[in-house]
Amino acid sequence: GTILFGNGILDVLRQKGVDDVVAAVLAVCAHEFGHIVQYRYNYNDKPLINILTEEQATVKRAELHADFLAGYYIGVAKKRNPKTPAATVAQAAHAIGDWNVNDRSHHGTPEERGAAVYAGYQHSFEKKRPFAEAVVDGLYYVNALR
């Protein structure tokens with residue numbers, strides 16, 4: 001349940017045009033929180049991380065689900081504090097997308113990552129879905145469930 005990251009990720013985000021350090025840290029922490037959820041939650045007695053990664057050539061589905069959950073978290077934060085930089089968080093996710101679609105560590109294209117954050121944000125801020133439902137909705141969003 002611990003999230004650790006170094007200055008390197010902040011440097012990468014700055015190089016890609018994300019200058020708001022607070023939003024960058026929020027984006028990284030929210031995304032990594034999504035991974036904690038994936039390892040701790042089960043769906044039909046199966047760990048989410050297994051559902052997300054089974055029979056996959058890349059980690060993309062798990063990463064986009066973590067982005068979806070990050071967006072959900074940002075929506076919660078925005079409800080508590082309207083000054084929360086939600087758009088900048090989505091921009092940060094977009095900025096670190098990649099086009100290495102055949103690489104095992106492919107996290108999703110810029111458009112996919114930004115869209116996943118926004119979809120999660122909508123579930124929280126606009127649709128006001130409970131977290132447990134949003135976790136499952138995120139599985140459908142990334143096509144881990146049909």
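**Packing of helix α5, the β1–β2 loop and the surroundings of D137**

The buried residues of helix α5 pack against four other helices, namely α1 (7-15), α2 (21-40), α4 (60-80) and α6 (110-126). In this predicted model, α5 itself spans residues 86-95 and is mostly covered, with 7 of its 10 residues classed as buried. The buried positions are A86, T88, V89, A90, A92, A93 and A95. As background to such a pattern, an α-helix has 3.6 residues a turn, so residues three or four places apart point the same way.

Two residues with positive phi values occur in the loop that links the strands β1 (42-43) and β2 (46-47), one of them being N44, the other D45. For N44, phi is positive at about 50° although the residue is not a glycine, and with a relative accessibility of 64% this asparagine counts as exposed. D45, likewise a residue other than glycine, has a phi near 65°, and its relative accessible area of 76% places D45 in the exposed class.

A further aspartate, D137, is found in helix α7, which covers residues 131-141. Its relative accessible area is 19%, and D137 is therefore classed as buried, the cut-off for that class being under 20%. When neighbours within four places in sequence are left aside, D137 is in contact with F68, H123 and R129. Between D137 and H123, a polar contact of 3.2 Å joins the two side chains.

Notes:
Residues numbered from 1 in each chain as written. Predicted model: local features only at pLDDT ≥ 70, side-chain atom pairs only at ≥ 80, totals over all residues. Heavy atoms only, no water. Buried < 20%, exposed > 50% of the residue type's maximum accessible area, 1.4 Å probe, protein only. Contact = heavy atoms within 4.5 Å. Polar contact = N/O pair within 3.5 Å; in protein donor to acceptor, adjacent residues only side chain to side chain.
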